[in-house]
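Colleague: I should be grateful for a close look at a single part of this model, explained for a first-year student. Please take the aromatic side chains and describe how they are arranged.

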Amino acid sequence: MVRLQAANGLLRALAPCIRNVLSPECQKIATAAAGVRLFESVAPAVTNRDISDEWYLRQRSEISLGNRLPNLTVSAWVSPSAVVVGDVDLLDRATIWNNAVLRGDLNNITIGQVTNVQDRTVIHAARTSPAGISASVKIGKFVTIEPNCCLRSCRVGDFVKIGARSVLLEGSMMEDYSVLQPGSVLPPTRRVPTGEMWGGVPARFVRELSEDER
């Protein structure tokens with residue numbers, strides 16, 4: 001009761017200042033100053049907000065760079081924490097996993113069908129290649145690239161497996177049905193023939209793959 005009397009007194013005091021006309025906003029201000037609550041809110045304490053409406057601290061998986069735009073098929077998938085930048089093509093059912101980065105700022109990167117690029121792998125295309133061939137990155141279908149790999153301006157055929165923490169440098173090439181052991185480095189312009197397993201730093205021939213391994 002005391003608060004209501006104080007609010008009425010404050011409203012009467014403000015009235016002469018605004019020619020005896022109080023807008024609803026002024027009434028709310030005066031009532032709030034007197035410590036009176038006009039209504040109880042029924043809104044939830046936390047409201048859901050669509051990520052596309054949030055401008056701060058927002059992770060974007062697909063980023064255009066000038067006139068270079070990522071091109072994803074409907075069935076391709078990119079993890080929310082991965083980043084695909086610039087001229088990158090992801091074909092049917094290609095998957096890019098957590099914290100991987102595909103950087104197509106200087107040249108094209110193409111990821112083939114049903115190929116998976118696993119966690120924290122970086123793929124980058126240089127502007128030119130020392131081998132004199134195209135510096136774009138071409139990765140075939142049904143390829144497995146294990147975590148923490150780095151591929152730069154290389155060619156990878158179909159049904160290839162690249163072990164974790166491996167590095168493929170400019171102009172290197174892995175033909176179909178080949179395997180690179182974990183922790184290997186394939187030097188520039190080095191080629192892994194079909195049906196062979198290579199490994200080491202720098203990578204060298206290890207053995208032929210069996211029919212079951214192909």
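Modeller: The answer below describes the aromatic pairs, and then the sheet and a salt bridge that involve some of the same elements.

This is a predicted model, in which local features need pLDDT of at least 70 and side-chain atom pairs count only at pLDDT 80 or more, while totals for chains, interfaces and linings use all residues. Residues are numbered from 1 along each chain as its sequence is written, and side-chain values use heavy atoms, with hydrogens and water left out.

The structure holds three aromatic pairs. Rings of Phe, Tyr and Trp (its six-membered ring) pair if their centres lie within 6.5 Å; planes under 30 degrees apart count as stacked, over 60 as edge-to-face and the rest as tilted. Phenylalanine 142 and phenylalanine 159 are stacked, because their ring centres are 5.2 Å apart and their planes stand at 0 degrees. Phenylalanine 142 lies in the loop between strand S9 (137–139) and strand S10 (144–145), and phenylalanine 159 in the loop between strand S12 (155–156) and strand S13 (161–162), so this pair ties together parts 17 residues apart in sequence. Strands (E, at least two residues) are DSSP runs, as are helices (H or I, at least four), and both are numbered from the N terminus.

Phenylalanine 159 also forms a stacked aromatic pair with tyrosine 177, at 5.0 Å centre to centre and 5 degrees between the planes. Tyrosine 177 belongs to the loop between strand S15 (173–174) and strand S16 (179–180), and the two partners are 18 residues apart. Phe142, Phe159 and Tyr177 thus form one aromatic cluster.

The relative accessible area is 39% for phenylalanine 142, 35% for phenylalanine 159 and 32% for tyrosine 177. Each value falls in the partly exposed class, which lies between buried (under 20%) and exposed (over 50%), with a 1.4 Å probe and protein chains only.

Several of the strands beside these loops belong to an open sheet of eight strands with mixed pairing, in the order S3-S5-S7-S10-S13-S16-S19-S20. Two strands pair if DSSP finds at least two bridges between them. The edge strands, S3 (77–78) and S20 (204–208), each pair on one side only.

Strand S13 also carries lysine 161, whose side chain meets that of glutamate 146 in a salt bridge (3.5 Å, N to O). Such a bridge is a side-chain nitrogen of Lys or Arg within 4 Å of a carboxyl oxygen of Asp or Glu. Lysine 161 is partly exposed at 39%, whereas glutamate 146 is buried at 19%.
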